[in-house]
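Grab a pencil and work through these exercises with the model open beside you. Try each task yourself before you read its solution.

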Amino acid sequence: ALAQEPAMTVFKFSDRRGREGNSDPYRVGTTYIEDLFPQPLRTSIPWQDTLVRGLAEAFKEEGIIVKMAEASEFGYGVVWDTPLALAGDVLDFSTEARFWTSAHVRATIRVLDRQGTVLLEKTIERRARRSNYGFKSSRETHESAIQEALEGVLRDVARDVDIRTIVLTRR
């Protein structure tokens, strides 16, 4: 059987988190230790790369092959060789702990055609929350919360009826 051609190129999403991430692609949140001093939480690889790879995998699980463009964000003059592009802005990608450990992933998603026309724009978000027994939080608690929120967004994007309709009719 012939390999299926990629239907879409997934670009690195723009970081629009404002002060939340301080333009640090490794920072995903803050924890407040027992003395209440905020401590930044960081990942070992940039969250934007995790997002692109996760979207590619989520689409693959839904039967849609995509190409990853991890090296660049979508912008003026960017070219791609698939019928569509998926790009967007991440507005929230964070976890924090106070009385609860909570995570929030929110992104504006754009599907574009080869001419750069936006065919669809929508915001997709997920939250997750964990209890902090005794007001103590662990790295594992943060990781499980942000992972749950991220997996929810990835699944929601790949299964979104509007996105799937555009992808399946523009191959």
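## Exercise 1: Place leucine 51

Leucine 51 lies in helix α1, residues 47-61. Helices (H or I, at least four residues) and strands (E, at least two) are DSSP runs, numbered from the N terminus. A quick note before going on: this is a predicted model, where local features need pLDDT of at least 70, side-chain atom pairs count only at pLDDT 80 or more, and totals for chains, interfaces and linings use all residues. Residues are numbered from 1 along each chain as its sequence is written, and side-chain values use heavy atoms, with hydrogens and water left out.

**Task.** Is leucine 51 buried or exposed, and which residues is it in contact with, leaving aside neighbours within four places in sequence?

**Solution.**
- Step 1: Learn the cut-offs. Buried means under 20% relative accessible area, exposed over 50%, and partly exposed in between (1.4 Å probe, protein chains only).
- Step 2: Apply them. Leucine 51 has 4% relative accessibility, so it counts as buried.
- Step 3: List the contacts (heavy atoms within 4.5 Å). Neighbours within four places aside, leucine 51 touches Phe13, Val90, Leu150 and Leu154.
- Step 4: Pick one partner. Valine 90 is 39 residues away from leucine 51 along the chain, yet their C-alpha atoms are 9.7 Å apart.

## Exercise 2: Check a helix

**Task.** What span should helix α2 have, and what do its end C-alpha atoms show?

**Solution.**
- Step 1: Take the rule: the expected span is 1.5 Å times one less than the number of residues.
- Step 2: Helix α2 (residues 139-159) has 21 residues, so it should span 30 Å.
- Step 3: Its end C-alpha atoms are 30 Å apart, which agrees.
- Step 4: Look at which residues of α2 are buried; among them are Ala145, Ile146, Ala149, Leu150, Val153 and Leu154.
- Step 5: Recall the geometry. An α-helix has 3.6 residues a turn, so residues three or four places apart point the same way.

## Exercise 3: Follow strand β6

**Task.** Which strands pair with β6, and in what sense?

**Solution.**
- Step 1: Use the rule that two strands pair if DSSP finds at least two bridges between them.
- Step 2: β1 pairs with β6 in the parallel sense over three bridges, and methionine 8 has leucine 84 in β6 as its bridge partner.
- Step 3: β2 (residues 14-15) is also parallel to β6, over two bridges. Here aspartate 15 stands opposite valine 90.
- Step 4: β7 runs antiparallel to β6, joined by 13 bridges. The two form a hairpin with two residues between them.
- Step 5: Check burial. Of the 14 residues of β6, 12 are buried, so the strand is largely enclosed by the rest of the structure.

## Exercise 4: Find the core

**Task.** How many residues does the largest nonpolar core have, and which element gives the most to it?

**Solution.**
- Step 1: Define it: a nonpolar core is a set of buried Ala, Val, Leu, Ile, Met, Phe, Trp, Tyr and Cys residues joined through side-chain atoms within 4.5 Å.
- Step 2: The largest one has 38 residues, and Leu55, Phe59, Leu86 and Val157 have the most contacts inside it.
- Step 3: α2 gives the most to this core, with eight residues.
- Step 4: Take leucine 86 as a worked case: its contacts beyond four places in sequence include Leu55, Phe59 and Val157.
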